[in-house]
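Thank you for having me this morning. Please bring up the model, and I will talk you through one helix and then the core.

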Amino acid sequence: MSTKPKLYYFAGRGKMESIRWLLAAAGVEFEEEFLETRDQYEKLLQGGSLLFQQVPMVEIDGMKMVQTRAILSYIAAKYNLYGKDLKERALIDMYVGGTDDLMGFILMFPFLSAEDKEKQRAIIVQKATSRYFPVYEKVLKDHGQDFLVGNNFSWADVHLLEAILMVEEKKPDVLSGFPQLQAFKVRISSIPTIKKFLEPGSQRKPVPDDKYVETVRRVLRMYYDVKAN
């Protein structure tokens with residue numbers, strides 16, 4: 001039996017993508033089972049694997065874990081990406097919470113109408129440049145270190161890079177006013193495990209397309225229209 005973590009989700013980003021990022025950053029190989037039919041989802045439900053009837057679900061260390069934040073916290077702690085003490089862990093939680101909030105504006109973007117996508121794009125860029133990126137820019141400038149917390153590579157760095165790249169997909173020059181973040185992006189992207197994950201052929205998923213949206217809607221029976229934030 002494989003000892004690799006096994007991820008159950010769609011063949012796309014969604015809430016699972018941050019889990020893929022963190023495992024990859026830790027240098028951990030993982031397997032994936034992609035949900036393509038309602039029957040697959042029903043089987044997981046009927047088998048009791050989905051504690052709250054939701055994916056993502058990750059099989060790891062003999063557990064079937066759900067709830068994205070719980071999964072990420074476990075992986076970060078297991079692979080020494082969660083700080084050296086309680087104070088550093090609190091800082092990591094705060095910074096991850098911020099990038100999580102920013103990613104929330106992007107998560108449902110693919111499910112919006114064309115008109116709402118343009119509105120949401122403007123909201124994403126505005127929030128990133130006025131609320132979130134200035135915080136990380138100041139943190140890096142004030143302590144003058146390579147990483148966000150304790151001058152050690154952590155979950156906070158992984159999550160921030162993921163968020164930066166997601167926003168750049170909406171506005172390529174979004175970091176033009178943030179020199180610290182520009183340098184941070186280059187620095188973190190050069191870490192061997194991250195560099196490997198960013199290369200073609202990795203398990204990193206592309207920008208969600210119409211096929212991904214249709215699959216999610218069909219499997220989860222999402223018959224309602226998503227509105228812009």
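Before we start on the helix, let me say how a helix's length can be checked: the expected span of a helix is 1.5 Å times one less than its number of residues. What we have on screen is a predicted model, and in it helix H4 covers residues 86-107, which is 22 residues, so H4 should span 32 Å, and the 30 Å between its end C-alpha atoms agrees with that.

At the N-terminal end of H4 you will find Asp85 acting as a cap, with a side-chain oxygen 3.2 Å from the backbone nitrogen of Lys87. Further along, H4 has a number of buried residues, among them Ile92, Tyr95, Val96, Leu102, Met103 and Phe105, and what covers the buried residues of H4 includes helices H1, H3, H5 and H6.

That brings me to the core. In soluble globular proteins, nonpolar side chains tend to be buried together. Here the largest nonpolar core has 75 residues, and those with the most contacts inside it are Ile19, Phe133, Leu148, Phe153 and Leu181. Helix H6, residues 155-168, gives this core its largest share, 10 residues, and the core draws at least three residues from each of domain 1 and domain 2.

If you would like one residue to look at, take Phe153, which, leaving aside residues up to four places away in sequence, touches Ala25, Asn80, Leu81, Phe147, Val158, Ile188, Ile191 and Ile194.

Lastly, a word on annotation: an unreviewed UniProt entry places a GST N-terminal domain at residues 3-83, a span that is 36% helix and 20% strand, with its end C-alpha atoms 25 Å apart.

Technical notes
Residues numbered from 1 in each chain as written. Predicted model: local features only at pLDDT ≥ 70, side-chain atom pairs only at ≥ 80, totals over all residues. Heavy atoms only, no water. UniProt positions renumbered as here; feature names shortened; annotations may be inferred. Helix = DSSP H or I, 4+ residues; strand = E, 2+ residues; numbered from the N terminus. Core = buried A, V, L, I, M, F, W, Y, C linked by side-chain atoms within 4.5 Å. Buried < 20%, exposed > 50% of the residue type's maximum accessible area, 1.4 Å probe, protein only. Domains from an automatic or database assignment. Contact = heavy atoms within 4.5 Å. Polar contact = N/O pair within 3.5 Å; in protein donor to acceptor, adjacent residues only side chain to side chain.
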